[in-house]
Structures are given as structure tokens and as C-alpha cells.
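Reader: I would like to learn how to read the architecture of a model from its geometry. Could we take the features in turn, with the general idea before the particular case?

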Amino acid sequence: MTAAWRQPLALIVPLLLLAGWWASTHNDPYGLIPPPGAVGTEMWDLAFGGINDDAFSGVLLRNLVASALRVYGGFALAAVLALPIGMMIGRIRIVRELLDPSFQLLRPVPVTAWLPLSMILFGLGPRSAFFLVALGAFYPILVNTIFGVRSVEPRLFEAAAMLGASRASMFPKVVLPAALPGMFTGLRLGLGFAWVVIVVGEMTGVSTGLGAMIMDGRQLSRTDVVICGMVTIGLAGFLSDIAVQALGRRLLRWSPQHGA
Amino acid sequence: MAPDTPTPDALVRIEAVSKHFVAPDGSEIEALRAADLAIAAGSFVCLIGASGCGKSTLLRIVGGFETPSTGRVLMAGKPVLGPGPDRGMVFQDYGLFPWLTVRQNVAFGPAARGLKKAEVHAIAARFVDMIGLARFADAYPHQLSGGMKQRVAIARVLAYDARLALMDEPFGALDAMTRERLQNELLDLWARTGLTVIFVTHAIEEAILLADRVVAMSPGPGRIVADIPIELPRPRDVSSPAFNDLRRSLAGLLHGEPAIRMAA
């Protein structure tokens, strides 16, 4: 997957999209969608300022950092909760019977549907966005952790028992390493989802963050700002995924699905 | 040899072991009926028979992975209650830990026994050397061929000082050349270490090539039908007339001719 984006073939579709965008906007100065060049200029101004000197000049980094902190904070909270709960649901029957039905029932509720309730519970502001991100990242991590710890090959328990591993050491010596690829997949999906949810979380009642910047752009009919926000979120999520994958390749060298 | 003859130096004693399974449709399957077997220390015993004859079930009961419905298994005089390091199993699908390197897989047993790090390391190095995989000591299982994986599985059992190796069609998934090489390596290890081996196979030639004693089993219900000592001198020549005679009589026995009780 990472090898793919280095290949020239992968550039064809983005370049075609860019060309189509340019062709349909470049000679229409009153259109609602600005041409790529104008968005590029605005991106520079958002990042470094010095061109337009308006409310959006040089604010990109501040908003990016605000969003990233919420994404990684919410993601970390989700991981800290979902990993142990998932392991317990997967391995301990009584915990599974106690918790699994409730989670199955709550899981189909879209994160966006939680928005009004979360604003009541956590107030207007960043805490609500943080909650939504954590909630959005929680389920993929939970589901994949449960799957990971439940799908350990029975043969490996037999092998470990035969080699003198005690019952107590089965968890750290067999279940945990065998479940790592599943957990890792969950963490990767969860982080990706966190970047999706952050925009929704920041669209109401939050003054910083890329989601807030996009909403401000929308209200002021600054479509160039909106597109810059979209591009930034896309890039941030993409780079964040590459970092996670690189980490996975290091930690899961033994797994044919992950190892380099 | 009659199955109930007392063997004073038997390492493994299988006493009236039977096993019933309940099939998914609720009917009961008799996988093994009243098996008796005494296995002397240092011997190489092959269990042979068609699928469904209970040979793997019997092996898994000796390993402690299944509990018998009736009867019991004694290992060095003590009843078998579960898997244990005195009985090392070599599975057909290897059962290696995919997240551990060759060296770490071999070290798993000694480490679980609580030996000191330096000792564990030395034991692992010795057995990785013994199976000729020193160059692959830091490779992961998915990077190895089937033959290499099975060598690691054998080394893992030896590294724990298992006195009894239980091998469930260990070479069944390998190509013919690799199988032949591993058979010879196994015989070599067996001769050098004084290990006791119970080896399950459905290949007649493999059984006669390897074993001191071939225990033939038959399905429906699974039971022991013959117990044949193989007294051919080693190394054995698969093309010799004596080898072929044995192969023919064993084939006749397994393919449903009236049970021939061969006198030793």
C-alpha cells in the first residue's frame, strides 16, 4: 500500500482531477468554486500570511495543531479504553455476556447523531469535539481487538501448554502477540476515523481547528478556504496513516500481512 | 507381543483407553475402542492406519490434549492429566509461534521452565545448530520452507528435554525429497539422543523405514489390530526384499484382509 503512492501511475488520477478542476473554473471569475491556482495562493496565505492580510492569514498551523491535539487526544483515550475492554470481552466470557450486547446496540448509532447530545453533556466547545473523536475511534479499535484476541489459533495454546507455559502466562505469551495484528488494524482504522470525525466535532461552537476554519470559510463564502481546509485534513490524515503503517511494519515484522 | 504383557521398563503405558465424541448431529462416534499399548523407553513406534482409525486421537490423548472417555495413560508411571513438557508434540501444521524467530521459538520451552537467560540462549543456539538452521536463527516462521519449519518444531521439542516425542504426520505436508531428508535427520537425532518416539503416519513405507515397531489401527470403531516389530537392520534399504515383504504384509493387513497377528 505504501509502495503504491510512490509509483508514477498513482499520480494520474489526481492530475486528471486537478486538470478537470482547472478546465471548468479558470475562465469563470464569478463562479462559486475558485480555480486551483487561487486555492494554492490562499493555501500559502493560510500557512504563512503576507498575501491577503485578512482574518485567515497565517492561521493554518494554529488550527492544524488544535485539530491534531484533539484527534490524537481523543484517539489515545479511545485506545486506552477500547484495548483492555476489547481484550476482556474477547477472552472473559462473563465480561462478554455483560458488555457485548450493549456495545452492539450502541455501535450503529452514527457519531454525527451524537453531536446534539454531546453538546448538552459536554457543553459547546472543544470538549464535545474531543468526545466525538474518542467515540468515533473507540468502536473500530474495540471490534478489531475482540476479533484479534478471539481468533488465536487453538494450536498455539496447545504448543505453549506442551512447552510448559502456565495458564497465567498464556495471555502475555500467546494471546497478546497473536492478537497484535488485529489490534493494530483497529488502531489504524480508529485513527483514520478520528480525522473524519474531528471536522464534525469542530463545526459547531468551536473557534479553533480545521473544522471551525472550514465553517468560517463557508459562512464568509470563502470556498478557497474551505478547499484548503479539506486538503489539509486529507494530507494530515494521510501522513498520520503512513506513520502508523511504518510503526506497524516495525512492530509486526513477523506478520506476512504487515512486515516489510 | 500381546498388548497386555507387562513391560517393566515401559515409558508410556496406555491402559484400556477409549474415546467417544459427540458429532454435531448429536450422534456418538467411537473414535477409539479399548486401546492397550506399552512403549519402551528409547523405542520408535509408528501408529499407522487409514483416516478415522483413531491414531491421531490416541496420540493426542498421550499428549494430554484430549482426555480419554475410559482408561488412562501413564507416563513414567504417572497418570497423564494434561499437556506437559515431558511429552513434546510435533504437529503436522508445525504450531510455531509466528511472532517469534527460529531461535526464540526453540527457546520458548527452556524460558518457560524459568532457566537463566544465558542458559536459555545456549540451549537455543545448540538446538538451532543441531537442525542446521544457524543461518536462519533470526528468521520468522513465514520466511521458512515447510521442511525448515518442521525442523524448528522438532528442535523446540528437543530443547525442552522432552523424553517422548509425539509426531502427528509431521512430514505429511512436505515434498518427497524434503520428507526423505527429514526422515533421515530424525533417525539420526533419535539415535543420538535416546529419545522415545511415537510417530503417526498413513504411509506404510515411512512406518517400516522409521519404526522399531509398527502398531496398525483400523477404523469403525478405531482400534489396534496388529503390533508388528520391525527388526530390519539400520540404515534400512527400502528396495530390499525383506523391506518389500513387510510392506506387502502390512498393506494386506491395512486394506482389510483378515487380521494377521504376526509373531515376533
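Reader: What percentage of the 260 residues in chain A are buried?

Author: Please note at the outset that this is a predicted model. Burial is judged by counting neighbours: a residue is buried if 20 or more other C-beta atoms lie within 10 Å of its own. By that count, buried residues make up 37% of the 260 residues in chain A. For chain B, 44% of the 264 residues count as buried.

Reader: How many helices and strands does each chain contain?

Author: Chain A has 11 helices and 0 strands, whereas chain B has 7 helices and 10 strands. Along the principal axes, the C-alpha atoms of chain A fill a box of roughly 75 × 50 × 30 Å. The corresponding box for chain B is roughly 55 × 45 × 40 Å.

Reader: What does the radius of gyration of chain B indicate?

Author: The value is set against the one expected for a compact globule. With 264 residues, such a globule would have a radius of gyration near 18 Å, and chain B has 19 Å, so the two agree. Contacts can be read by sequence separation as well. In chain B, residues 24 or more positions apart account for 69% of the contacts with a separation of 6 or more. In chain A, 67% of the contacts between residues at least 6 apart join residues at least 24 apart.

Reader: Which residues touch the most other members of the largest nonpolar core?

Author: In soluble globular proteins, nonpolar side chains tend to be buried together. Here the largest nonpolar core holds 143 residues, and Val133(A) and Val214(B) touch the most other members. Helix α7 (residues 126–150) of chain A gives the most to this core, with 15 residues. Leaving aside residues up to four places away in sequence, Val133(A) touches residues including Arg70(A), Val71(A), Gly74(A) and Phe75(A), as well as Ala194(A) and Ile198(A).

Reader: How do helices α4 and α9 of chain A pack?

Author: A helix pair is described by the angle and the distance between its axes, and by the hand of the crossing. Helix α4 (residues 60–91) and helix α9 (residues 170–202) of chain A pack at an angle of about 140°, with their axes 9 Å apart. The crossing of α4(A) and α9(A) is right-handed. Among the residues of α4(A) that meet α9(A) are Arg70(A), Val71(A), Gly74(A) and Phe75(A). On the side of α9(A), the residues include Ala194(A) and Ile198(A).

Reader: In what order do the strands of the 6-stranded open sheet in chain B lie?

Author: Strands of a sheet pair through backbone hydrogen bonds, either parallel or antiparallel. This sheet of chain B has the order β6-β7-β8-β3-β9-β10, and its pairing is mixed. Strands β6 (87–90) and β10 of chain B stand at the edges with a single partner strand each, so one side of each is left without a neighbour in the sheet. On average, neighbouring strands of this sheet are turned by 20° against each other, direction ignored.

Reader: Which of its strands illustrate the two senses of pairing?

Author: Strand β7 (residues 164–168) and strand β8 (residues 196–201) of chain B pair in the parallel sense over 5 bridges; the bridge partner of Leu166(B) in β8(B) is Ile198(B). Strands β9 (residues 213–218) and β10 (residues 223–229) of chain B pair in the antiparallel sense over 6 bridges. There, Val214(B) has Ile228(B) in β10(B) as its bridge partner. β9(B) and β10(B) form a hairpin with 4 residues between them, and Gly220(B) in the turn has a positive phi of about 70°.

Reader: Where are the cis peptide bonds and the positive phi values outside glycine?

Author: Most residues other than glycine have a negative phi, and most peptide bonds are trans. The bond from Gly220(B) to Pro221(B) is cis, with omega near -10°. A further cis bond runs from Arg234(B) to Pro235(B), with omega near -5°. Ser221(A) has a positive phi near 55°; with 10 C-beta neighbours inside 10 Å, Ser221(A) counts as exposed. Glu169(B) has a positive phi near 40° and lies in the loop between β7 and α5 (176–193) of chain B. Because 19 other C-beta atoms lie within 10 Å, Glu169(B) is partly exposed.

Note on methods: Residues are numbered from 1 along each chain as its sequence is written. Chains are lettered from A and ligands numbered from 1 in the order in which they are written. This is a predicted model: local features need pLDDT of at least 70, side-chain atom pairs count only at pLDDT 80 or more; totals for chains, interfaces and linings use all residues. A nonpolar core is a set of buried Ala, Val, Leu, Ile, Met, Phe, Trp, Tyr and Cys residues joined through C-beta atoms within 7 Å. A residue is buried if 20 or more other C-beta atoms lie within 10 Å of its own, exposed if 12 or fewer, and partly exposed in between; C-beta atoms are placed from the backbone. Two residues are in contact if their C-beta atoms, placed from the backbone, lie within 7 Å. The radius of gyration is taken over C-alpha atoms; the globule rule is 2.2 Å times the number of residues to the power 0.38. Two strands pair if DSSP finds at least two bridges between them. Axes are lines fitted to C-alpha atoms, for helices over the stretch in contact, and angles run from 0 to 180 degrees between N-to-C directions. A crossing is left-handed if the near helix is turned anticlockwise from the far one by less than a right angle, and right-handed if clockwise.
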